[in-house]
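Student: Please take a close look at the aromatic rings, and at the charges that sit over them. I would like the cut-offs too.

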Amino acid sequence: MPDPILQTCGLNSFYGDFQALYDVALDVGEGEVLAIIGANGAGKTTLMRSITGLLMNEPGQIHYRGHDISLLRADQVAELGLAMVPEGRQLFPSLTVRENLMIGAQVNRKGPWDLKSVYKLFPILEERKDQASTSLSGGQQQMVAIGRALMANPDLILFDEISLGLAPIIIKDIYQALPGIIGEGMSAVIVEQDITKALSVSSRVYCLQEGRVSLESASDTVSREDISRAYFGIE
Amino acid sequence: MEWLNAIVQGTLLGGLYALFAAGLSLIFGVMRLVNIAHGDLIVLAAYLGLTVTTATGMHPLVALVIVVPAMALIGYALQRGLLNQTLGDDILPPLLVTFGLSVIIQNGLLEAYSADPQDLDAGALETASLAVGGLTFGILPLLTFAIAIAVIWGLQWTFYHTALGRAFRAVSDNQDIAQLMGLNRRHIFGLAMALALGVTAIAGILLGIRTSFDPAIGGARLIFGFEAVIIGGLGNLWGTLAGGVILGVAQTIGAKIDPGWQLLAGHIAFLVILAVRPNGLFPRVSG
Ligand SMILES: Nc1ncnc2c1ncn2[C@@H]1O[C@H](COP(=O)(O)OP(=O)(O)O)[C@@H](O)[C@H]1O
Ligand SMILES: [Mg+2]
């Protein structure tokens, strides 16, 4: 396996006194696409928030390219080349489509992604560039959220619930665009409810259950029984 | 004609109130902070102007080139060193801390400059006027109003056409996601406070040229600023100018009826508008 770009070990995350993640160990290889599945409330979003620095962790729990990033703020993590497409898009409502994309470029990293290449990937966004981001359909908003993350020219991109709440036809579009996004040597972590989709785009899959890793497997060999056991905790 | 004159004077006075209010509005808009010390910071700027003009013999308006950056610097330091620590889900800590700051500034000014009223000497500018068709316009009030329009236009432009303004709006929308995009909110808040106190510096100098000031007058400036912001509608800078004008006109008309009614008339106008339009006249339409 290639060297990990991201590695967590013994990761524990808390909301106040409530512990949401227990001893999570996972790694993402350079150039790898990893899928994370798990029921609602399993801790997937918490894991994303911990990695990106929105939740604080103890030192030594998260390493990015060999550096301990556990104590860094989210803006510092972003500058290292780690971007996220958050659950529920979370666009900036007072910004236009174009401004939302521009905010993504704030970290000032060099790479293939700029307004032009994002518009080429999602032409509809160029037509809508001066509209308020809230006036777009759900699918178009997800395109903005993806474009915004790409504008940072990240080396590792995290997608939290990439297709949640979108129409099937839109989901198909987004998955069709995915290879073009990740193909450029980027690594990716995809949190997805649709297990078939998750397995089809990833090389390995982790399942979270009540804050713990309940399964780690290659995506093409994992069995349905293993998944349902890991998902629901049925022995 | 006398009434028309009162309305004109009130309108021009409204420019000064809009300058009091602009910084307050900006800070609330970006970080939901209600700065109780705002009026005292205006007075602090006037005193800084006094120190600069007496030390160098500069004209007070020229002294802006020193006082504006100085206040901006104070704003950034204040935000990073103190106010950022008070921001969170609870709205009480920033209120208490800025209230404390207000007391500290007042006492500091009293210690440094005594309670004697001071003013900034702007020479001929203070009395120069322009007569147009039976109305007399003071050059200083005219200039103040023009500066208010320029400042509000400038803030509006900064907000909607620069990377800094984009960052202000993004952080105001969603602090976590803005942070995720590489914007450190503590720094952005510092810049917002710097900009707000830069505007406050202009307001303080113009106030000091217009009237005499002492360390205790900050509270009333805070109230005028608040009233202008609320009348105009939160989050709308042009509305703030309108709010300042309405307040100014109400005050001068009140004073015309009876000199003792000046302030009361302003507060009554404020309360009436608040009763009729609780969100102010021009609230920002949020999408
Ligand atoms: N802000 C929060 N405060 C307290 N508990 C939270 C918060 N966000 C999530 N949780 C809890 O943490 C657990 C994991 O949630 P989350 O990471 O959002 O799960 P998932 O993304 O897998 O659906 C859940 O039990 C949830 O109730
Ligand atoms: Mg989630």
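Tutor: Start with Arg212(A), which lies over the face of Tyr22(A), 4.1 Å from the ring centre. A charge counts as sitting over a ring if NZ of Lys or CZ of Arg is within 6 Å of the ring centre and within 35 degrees of the ring normal. Chain B has such a contact too: Arg32(B) is placed over the face of Phe28(B), at 5.6 Å from the centre of that ring.

This is a predicted model, in which local features need pLDDT of at least 70 and side-chain atom pairs count only at pLDDT 80 or more, while totals for chains, interfaces and linings use all residues. Residues are numbered from 1 along each chain as its sequence is written, chains are lettered from A and ligands numbered from 1 in the order in which they are written, and side-chain values use heavy atoms, without hydrogens or water.

Now the rings that meet other rings. Over all chains, the structure holds seven aromatic pairs (rings of Phe, Tyr and Trp, the last by its six-membered ring, with centres within 6.5 Å; planes under 30 degrees apart are stacked, over 60 edge-to-face, the rest tilted). One of them joins Tyr17(B) and Phe224(B), whose centres are 4.8 Å apart and whose planes make an angle of 40 degrees, a tilted arrangement. Tyr17(B) belongs to helix 1 (residues 2-31) of chain B and Phe224(B) to helix 9 (residues 218-232) of chain B, so this pair ties together parts 207 residues apart in sequence. A helix here is a DSSP run of H or I with at least four residues, numbered from the N terminus. Both Tyr17(B) and Phe224(B) are buried (under 20% relative accessible area with a 1.4 Å probe on protein chains only; over 50% is exposed, and in between is partly exposed).

Phe159(B) and Phe168(B) form another aromatic pair, also tilted, with 5.7 Å from centre to centre and 40 degrees between the planes. Phe159(B) has a relative accessible area of 13% and is buried. Its partner Phe168(B) is buried as well, with a value of 0%.

Back to the helix 1 ring, Tyr17(B). Which residues do ring pairs link into a cluster with Tyr17(B)? They are Phe20(B) and Phe224(B). Phe224(B) is thus part of the cluster as well as the partner of Tyr17(B) in the pair at 4.8 Å.

How values were computed: Helix = DSSP H or I, 4+ residues; strand = E, 2+ residues; numbered from the N terminus.
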